[in-house]
Every structure is written in C-alpha cells, then in structure tokens.
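Please open the model in your viewer and keep the sequence panel beside it, since each stop on this tour begins with a selection.

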Amino acid sequence: MLTWINEKAKWIIVIFAAGIVVGLLAMDRVPDQGHSYPVGVVKDQKISYSEFDSRIKTIVQNQYQGQHLEDEQYTQLRAEVFQSFVRQILLGELFEKAELQASVAELESEFANNSDAVRARLVQEAQGRLYSIQQQATSQEDLMQRSQAYIASLPKFLTDSTFNKEEYDAWLKTPEAFRWGVMLQYEESLKSNTIPARQLQALVGASIHQTSLEAGWSANRRMTEYDLKVAVANGADFAVDEKTVDSVMVAGYYNAHKDSFFVTKDVAKFEYAYIPVQATAGDDARIREYAMTLYYQLTDSSSTTTFEDMARISSEDPGSAENGGALDREAGRGLYVPEFEKAALALDSGAISEPVRSQYGYHIIKSYGKSKDSTGAELAKVGHILLVVNASSETIDSLEAIMNTIKSAVDAGKSFADAAKEQNLESKTSNWISRGEDIAGMGYLKGLTAYAWPNDNLPPEGSKVSPVMKSNQWVAIALKVGDLKAGERSLDLYFDGIKANLLRAKASAAAEAYLNSVAEKVKAVNPEDSATAVEKVYVETKTVSVDGYVPGFGYSNVNFAKAVKNAKVGEWTSAIATDNGAVMIKVESKKEPEAEALQAAVKNDVANVSGYAATSMFSEFINNIENGTPVENNLDLFYRD
C-alpha cells in the first residue's frame, strides 16, 4: 500500500491540495452570501465583494505570479486594496465637484510619453491571444499557420528587436491602436484617475511658488560650510534614576500639553499568554519514519519513481525542489551544515543516502559524482529532499487545549493572570496596537484584529477572551484590557514616551551643566593629543553644513542652525543642551558658496522645490480627507484576519 501511495503521490497531493484550497476558501468567508454585504461603504457608496475580490486576484496574478502568500501578506494586501477603493471613491467625488476632465491633448500626450507602459500592456494582450490560438488549434500545422499570421499582423514596433518611436507615434494615430482592449482600459484609467488627479494636484498646490529670493536664502544656508571644533557631552553618561520622574510629573506635563497627545487611530491593549509551537520527539519520529518510507521507495529496484520526481513532489526546500532537488553548490566547500556535508561526501556517484538529521530537518541526499578543487579537496555534486520537522496537528491541538482551559477559567470569573498561572504560563500586557499591527515580539496573529474590533454585523462572541490564535511560532489567546478611540486624548497611551522625554531632558540638563563647568579645560583640548582630554567629553574637528550631520546635534538640527548663526568665528559658544546631551562649538572658519554654484542651485530650487512642495501638500490634503471620512470596513465579514 505504501509503495502504491508513493508512486501515485504526485496526483494524490494535487487532488488533496485542491480540496484543501476549496475548503479554506469556504472557511475563510464568514457571512451569509445571500445578504450581499458590501466589503465597505464610503459616503453611501458601496464597495462590492465581487469588485474587491477581482482586484485582489488580478494583483496576485500579475505581481506575485503563483508565489505562495502567507496569511499576513494577504491581510496586508487586502488592507491596501481596501484603501485604494476608499481613495478612488473620494477622489472621484473631488473630480466631479471640481469638474476635472482629461482633454484629448492630455490623453495624446500620455500615450506618446508612456510608450513603455503601453507596450507592456500590448505584449500581455498579445500573449493572451497566442495562448487562445494554441487552445483552438486543430493540429501543429494549424497552430503554426495561425500563430505566424497573428504575429505578422502585430505592429512592427512590437515585434522588432529595437523599438522605433516614430513607428509607435504613427501607430497611435491609426484606428487600429484603439481596437486593442488594453488600450481602451488604459485610456479609461487615464481619463478617470491619472489625469484628473494631476489636475487636482495642480489646483491644491497652486499657491506654492518659491521666489528666487527665498530660494537664494535657502540655497546659501544649505551650501555654506563651517570648519568646526565640536565638544560633546553624551547624555547617556549623565543618565538619571527613573525614580526622579514619577507619575505626577508625567501627568503634569501631559495636562500642560494635552493637545499634543491626541489618539490618531483606534488602539487597544491586551493581556495575553502564549506557548511556542515546537515539534516534539514524537513529531520528529514521525517525520523520520516518513523519510525512511521515501528512502525505501527510492532504493526499491522495482519502483518507477525517480529521485528528481520525488524531490519536486515532497521536498520542502523551495530553492531546490523545483529543480528536482539539485543544489547549485557542491558539498565539501563548507557551505552546508557538517552533518549534510559528511553524508554527501560519503556517497558514491548515483547513490542515495538514508535520512540525515540536521537543524533544518531530515535530508535524503543523492550524489551526482565527485571531483576535486585546485587544492585537492574533495567535492560532491548533490541533490536532496528536505523534510522539515514541524509540530504535528496533534501537538498543536494539545497546545490549543491548554489555551481553551485558560479561556474557560477567565469566563468563569478568574483573572487572566491567575488562569494562565494555573497552566504554568506567564500573563503579559501588550503595547498599544491598532488594526493590523502586531503585539510586540509576537508577529502576526490571525484573528487578533477581528477580536479587538468586532464587526457590528456579526453576532457577539460568547467569550470575552479571544479565540485561540495561531502562527507558525505561537499559539496564543488575549483579553482586551484597554480601548481608545481616534480623536480622544490619552495619558496612558503616551505615558512611557513622556517619561522617556523627561528623563532625557534631565540627562541633557546635567550634561549641559557639566560641560559649562569644564568649559575652560575643553577650550584647551587638542583632538590629536589624548593627554589633553577631558573626562566624559570628546572633542573633534568637523566640516559641516546646517543640513549635514553634526556630532551631538544629529542631522539638519534647528538648534545647530541657531548656534552657528550666532557664533563668532574663532570663539567657543557656551554649552547647548540637545536631545542627545550637550554640545559646545567653535567656528574655525566659514566658507560661503561660489556665486556661480549658488546661482545654479537657486535656479534648480525654483524649478523643482515648488513641485516637490505641491506634491507633499497634495498627499497631505488627500490623507486628511481620508482620515476625516467615516468608512465602514466589512473585510472581517468576508475574511478572517
């Protein structure tokens, strides 16, 4: 029976995999499809499931081309596609209000200036047509004749090895150009989105015009170089005890600056417990037994199964499986783990090893012959079948049972911490997280977002504790213990950050006081003579601009810009507190840019900076509209995150 299964493994696995895919798709969709829930609603406009799913499938097909996507990747992709629908709806409303439309001249310009994009679409459609011809052909001769006739009908710029722009421009003016489906689709995309968006951006950024005077000031400031001596007292050397900043001080700072501590998006905090997913000795034994079954099959003289076919079907090394298990580097160079290399070098050409255990799992190795390198060291060309030792479903089920015991205890009235402790697990409290984010150190946990922010269209869960959540590394459950809505102010959310800033400010103040106290010694320091060094202060010479990196200040620091502006050449400044400690500077010399270089920079800034500023303003404009628009998100009705 085992021999038959292994010989038919390829087809069994294909059929079984297809069944799994259908089952998972069925399980992944939650709602009653008869209700026809929209995936989302934006300003009374519905995002239909069919449109949404079609866009997802198109992206997966075109961008990932058959690659396996993990749950986390799918969740992220769905979130990005959902946001693209939201933006599309909001932009469409803005285009309509502003009466923005693509002109014929703008469309012609887009087609003429984006030949690469057009050609890529044409090639894709042509390949699809050739595939259709292949399916319809009645014979090899019919296929050749029809294929050659179709290729001959294509525009020359598409089939010639060298692209001819003049031929392309001439083709655009013919009726044949817009008999291609992709050309009509591209034209629609330009008319409905690309060109109106550019027009809207021009309207939003119309007030941004940098004058030559403004550009001159900015360029001169940026291009002026200073030869400095810099003395730095690092704040880390003056760190203060955490107890010097208590909760009263943090609350006082928060109350004095409340408008700086808005909650920008919905967030939640959790108590959670987890168990690492690790293979047991029993799991290891099962994989070894399976590996031995494959070994016996491969070494059975009556079997028709080849090593290469078995590798393609069974190996879990994606880098070599599709090549029949063949590895692109010889064993013997130290590139592989010792157990693997030892077994590989011991094989005669054509021989297959018994399963060899390494940190990666069990390897069945085949030798394709030996050779020697220039030093005389023995090498072996090999292939392998890798079977990874993962936790079995029985092992994972036992971990889930532990988590469900904790869940039942909490629902019965016990605290989460006590229920976890009874199972010899530690309860932890998470960081504040928003939709789609991870508990620190845990990575992606499928189901966490749906538990924390349940959809109003779904019936309430029977438990206040999350369902058991699994990843490749963990089995976990969580209890939501905090919930903040966007637009609220929160001390709790910002407490740790405020405390860290207050401690850093105290450290900087201590560094500043110390640096002032040793200022005379610092002024006498020669950076090249260690004998003149001052404790807790390092001095170096540096040539910088206000936009560059300055020790103690960092990059493009406004405090440095103020200090260097007011500093007198040849004199040390007093100590200046920074985010990183304290700094004294001495301007040794100042070099302003050459007039010609400055003029060129001004010309470039006037031409480009306004465009960059307009783009940034437009992006902020759209983001603000998105953030201020109520959006109904029903992704969790269709997909379990």
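Begin by selecting Lys 342, which counts as exposed because its relative accessibility is 68%, over the 50% at which that word applies. Bear in mind from this first stop onward that the model is predicted. If you now colour residues 338–345, you will have helix α16, and Lys 342 has its place in that helix. Add Val 356 to the selection and draw a line between the two C-alpha atoms: Lys 342 and Val 356 are 14 residues apart in sequence, and the line spans 9.8 Å in space.

Next, select residues 491–517, which make up helix α20, an element of 27 residues. From its first C-alpha to its last, α20 reaches 37 Å, close to the 39 Å expected at 1.5 Å a residue. Where along α20 should you look for a kink? Centre the view on Gly 497, where the helix has a kink of about 30°.

Staying with α20, show the side chains of Ile 498, Leu 502, Leu 503, Ala 507, Ser 508, Ala 511 and Leu 515, which are buried. As you read along that list, it may help to recall that an α-helix has 3.6 residues a turn, so residues three or four places apart point the same way. To see what these buried residues of α20 pack against, display the strands β3 (225–234), β15 (576–578) and β16 (581–591), together with the helices α12 (247–256) and α21 (519–523).

For the next stop, select Ala 79, Phe 82, Gln 83, Arg 435 and Asn 633, which lie nearest the centre of the second largest pocket, among the 39 residues that line this pocket. Elements that give two or more residues to this lining are α4 (71–97), α19 (448–452), α23 (595–627), β17 (631–633) and α24 (635–638). Colour α4 separately, for the largest share of the lining, eight residues, comes from this helix. About 1500 Å³ of space lies in the second largest pocket, and its lining divides by class into 12 nonpolar, 14 polar and 13 charged residues.

The tour ends at a cavity, and the structure holds one of 30 Å³ or more. Which residues should you select to find the centre of the largest cavity? Choose Glu 437, Asp 438, Tyr 444, Leu 445 and Thr 449, which lie nearest that centre among the 10 residues of the lining. About 60 Å³ of space lies in this largest cavity, and if you colour its lining by class, you will find three nonpolar, four polar and three charged residues.

How values were computed
Residues numbered from 1 in each chain as written. Predicted model: local features only at pLDDT ≥ 70, side-chain atom pairs only at ≥ 80, totals over all residues. Heavy atoms only, no water. 1 Å grid on protein atoms, 1.4 Å probe; cavity = no way out; pocket = protein on both sides within 12 Å on 5 of 7 lines; lining within 4 Å. Points joined across faces, edges and corners; volume = space filled by probe spheres on them. Nonpolar A, V, L, I, M, F, W, Y, C, P; charged D, E, K, R; others polar. Helix = DSSP H or I, 4+ residues; strand = E, 2+ residues; numbered from the N terminus. Expected span 1.5 Å × (residues − 1). Bend = angle between axes of the 7 residues up to and from the residue. Buried < 20%, exposed > 50% of the residue type's maximum accessible area, 1.4 Å probe, protein only. Contact = heavy atoms within 4.5 Å.
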